[in-house]
Amino acid sequence: MKKKHIGIVAGSIAVLILILLIGPIDIFSHGYYCDEIDVEQIADADKLGLVDLDDPACIVEFTPLKLHFAGVELYLAKQPQKSSGVLTMAIYNDSGKQLDEVRIPLDKVKASSWYKVYTNTNLTKNKKYTLKFSVSGSASIPAFMLVDEVYLPDESNSGDILINYAYSESTFSFQEKTIIIMFILALWGMAGSCFLADKKLRKYVKTVISFMLLSAILSWNYMYSSINSSKTTFLKFQVDSETLVTGAIHAARDGLNLTDKNGNHYGLGRYCNLIGVLEKYGLEYLSDNNWQEGYSKTMPVIIVNSNDITKKIAVVGNYIQFKNGEEYRITDIVDDEITIKIELDADQLLSSAKNGSLDDTVFFDSSHKKIDKSLVTVYESQYGLQGRLFGYLAKHISEENTLEQLHLFCALITAFVFVVIVILINSKYNPLLAGCFYFTFLLSPWIINFARNLYWVEFTWFIPMAVGLLCSWKVASRKWRIFCYISAFIAITCRCLCGYEYISVIMMGLISFMVIDLLLALQKKEKKHASLLFKTTLILGIIALTGFMTAICIHASLKGNGSITEGIKNIIEDVALRRTNKANLNDFDSLYWPSINASVWEVYSMYFHFPNDVIIGITGNLFPLLCLIPIGIFINEYKNRKIDFETIFMYIFFFLASISWFCLGKSHSYNHTHINFVLWYFGFVQTCFYIIISRIVSVISPNKNNVETKHRA
């Protein structure tokens, strides 16, 4: 075997081992994490006494329920301040073999407080083990507290000793592992491709590797915004919209039907429950000097958010059953329109430590019939295809990981679509234009913020552009044209089923490269090619409109309760008019009047002044200059009779595409300056960078050919 083959095999084995260690084996972990019980929440009646550590009964059987077991937390009572001696804790497996022994100087352990004990052995998840304790060299024997079983962690299999179990956490999340493994595979593939003898195969492999590597870089930035310094904006960006998707997922898990008053099923909805209305993440039950996780510290009272569902269930005479099985009747309520205090007929204090989280409560009406404790209001302004898609995926994801994994899915697909566009541009035009698109997709704060959002599904905006770009590159092939026609219909229909925002820009993105080629063919008087481009562009445009109308009809069948005509009328009145410039002030609340009255010029002017960076490192104040420099370049080239018509057509058409929504969706654009700046990135910003950089390159290196457009397919 040749040395290079040995190297490839050895390297592949090393890469495989590394991937297994990061992924399935999950060897990398850190920290000491424990769900510590607040002992003050344990009622006196539930404290069952003490047991000395040298008592034969002081043996604990337990089963780790997670990976990376890190140790136990001990709560010692009857422990003098200045105690001597050593506490020994030993761990045994189910066959009686000692796996670890930890010796703890008692003078380091404070009485009536949690002490963290670290272990040096890896315990297997879901396997039984035994803890045994002993004390030596101490005049006073410490003791464990015995408590009611409701306070014991799920790991404990025997005994009533108050104890906790700790775990390390995986160093890398599932999302990080996925992208890191993509990096590893791409880098190894890049190295391995150098040993391929077949040039055609090597070129194909390098394309696949480039796709994977470029996608991994984009995906990482879309998941974590590592380059963008504005992390707060990134984490909170459009959460109010995204929670229409996650709200639908929560509703489905609660068994709620996402239907309107007529029983028509939608994909999006606004969700609310005891903790509040889901319009942002991180909602928590009240904890302060008087309340602990929604439980009163002084009375048998709980406090919840005041909303549509809690007003219905917080009724005197109804019942609440807690996680531990205790059930109480509601005797009084106090609603201040922000919170609702619910008084119960309990004869003792309630707490999250004993009664569990309020999330786990069950409500019954006065006749003891179970009632819902959550509510979802459907979002009727669109069909909600993204809600249906992510709702389906969520069924196969654990509840605690749903949001992060759906974010990963969205970020990956967005990255894949962008890299496809970049590769197609590189194939059709040149590496410099492809690079301008790629680095704009990588560095634009607007692109980054939208990329993983579950409501906006940014990838659906750009799939039509990728389809149109492919069609323009392969326009001479009838098979490719037919494929692109079908793809365009599906892409536009799916986009509109996810929402109608920006649809004019998205449709123009579909035909943008075709129109640019058409104008160039006309300029060069290539009549036959121009005729083909015109027919193809016309067909794509008709197909796009057909896809749009198909989505409208599907949505209208819901809005009109089966009547498409009535539904279209409702969509025009409720959805379209208040977003465009054809609305009647009499039909809308005064809140919408300024946007309806605003002129198109006023709206356009608002979007000429960026509130943040154009791309990271280039301040928004330079955007007007970025727009004007290409015009200056065009004038100079006109004077020197070196006109590049292709870049002129790109500049003009991408500019018109971007501002089309500012004009068509004038009212929407007037009210949504916090999001609509993203429309400049449908090719216009990229083209401006390309024009400027390509002219600089041509001056510095006039013989370079990386700015020349490649021959058409």
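This is a short dialogue on reading features of the structure above.

Student: What kind of model is this, and how are residues numbered?

Tutor: This is a predicted model, in which local features need pLDDT of at least 70, side-chain atom pairs count only at pLDDT 80 or more, and totals for chains, interfaces and linings use all residues. Residues are numbered from 1 along each chain as its sequence is written, and side-chain values use heavy atoms, with hydrogens and water left out.

Student: How many helices and strands are there in the protein chain?

Tutor: First the rule: helices (H or I, at least four residues) and strands (E, at least two) are DSSP runs, numbered from the N terminus. Here the protein chain has 22 helices and 21 strands. Its C-alpha atoms fill a box of roughly 100 × 80 × 45 Å, taken along the principal axes.

Student: What share of the residues is buried?

Tutor: Buried means under 20% relative accessible area, exposed means over 50%, and partly exposed lies in between (1.4 Å probe, protein chains only). Of the 713 residues in the protein chain, 49% are buried.

Student: And how much area does the protein chain expose?

Tutor: Accessible areas come from the Shrake-Rupley method with a 1.4 Å probe; for residues, only the protein chains shown count as cover. The protein chain exposes about 34,100 Å². Carbon and sulfur atoms supply 58% of that area.

Student: How should I read contacts in the protein chain?

Tutor: A contact means heavy atoms within 4.5 Å. Take contacts between residues at least 6 apart in sequence: 74% of them join residues at least 24 apart.

Student: Which residues does Cys627 touch?

Tutor: Leave out residues up to four places away in sequence. Cys627 then touches Phe608, Tyr651, Phe684 and Cys688. Cys627 lies in helix α19 (residues 623–639). Cys627 counts as buried because its relative accessibility is 4%. For a distance in space, take Ile552: Cys627 is 75 residues from it in sequence and 36 Å from it, C-alpha to C-alpha.

Student: Where does Gln321 lie, and is it buried or partly exposed?

Tutor: Gln321 lies in strand β16 (residues 319–321). With a relative accessible area of 25%, Gln321 is partly exposed. Setting aside neighbours within four places in sequence, Gln321 is in contact with Glu326, Glu327, Asp360, Thr361, Val362 and Phe364. Lys524 is 203 residues from Gln321 along the chain, and their C-alpha atoms are separated by 79 Å.

Student: How many salt bridges does the structure hold?

Tutor: The general idea comes first. Side chains of opposite charge can pair when their charged atoms come close. A salt bridge is a side-chain nitrogen of Lys or Arg within 4 Å of a carboxyl oxygen of Asp or Glu. This structure holds 12 salt bridges.

Student: Which residue forms a salt bridge with Lys116?

Tutor: Glu73 does, with the closest N and O atoms 3.0 Å apart. The pair links distant parts of the chain: Lys116 is in strand β7 (residues 114–118) and Glu73 in strand β4 (residues 69–77), 43 residues apart. Lys116 is partly exposed at 37% relative accessibility, whereas Glu73 is buried at 0%. Glu36, Glu73 and Lys116 are linked in a network of salt bridges.

Student: What does the salt bridge of Asp335 and Lys311 tie together?

Tutor: The closest N and O atoms of Asp335 and Lys311 are 2.7 Å apart. Asp335 lies in strand β17 (residues 327–335) and Lys311 in helix α6 (residues 308–313), so the pair ties together parts that are 24 residues apart in sequence. Asp335 is partly exposed at 30%, and Lys311 is partly exposed at 35%.

Student: Are the partners Arg495 and Glu501 buried or exposed?

Tutor: Arg495 counts as buried at 1% relative accessibility. Glu501 is buried too, with a relative accessible area of 7%. Their side chains meet in a salt bridge (3.8 Å, N to O).

Student: Which residues form the negative surface patch?

Tutor: Patches are made of residues with over 30% relative accessible area and no salt bridge: like charges are joined within 9 Å, nonpolar side chains (Val, Leu, Ile, Met, Phe, Trp, Tyr) within 5 Å. Lys and Arg count as positive and Asp and Glu as negative; His and the chain ends are not counted. The place of a charge is NZ of Lys, CZ of Arg, CG of Asp or CD of Glu. Here Asp254, Asp359, Asp360, Asp372, Glu399 and Glu400 form a negative surface patch. Asp254 lies in the loop between α5 (239–253) and β11 (269–273), and is partly exposed at 36%.

Student: Which residues make the nonpolar surface patch?

Tutor: Leu16, Leu18, Leu20, Ile25, Ile27 and Phe28 make a nonpolar surface patch of about 510 Å². Leu16 is found in helix α1 (residues 3–22) and is partly exposed at 48%.
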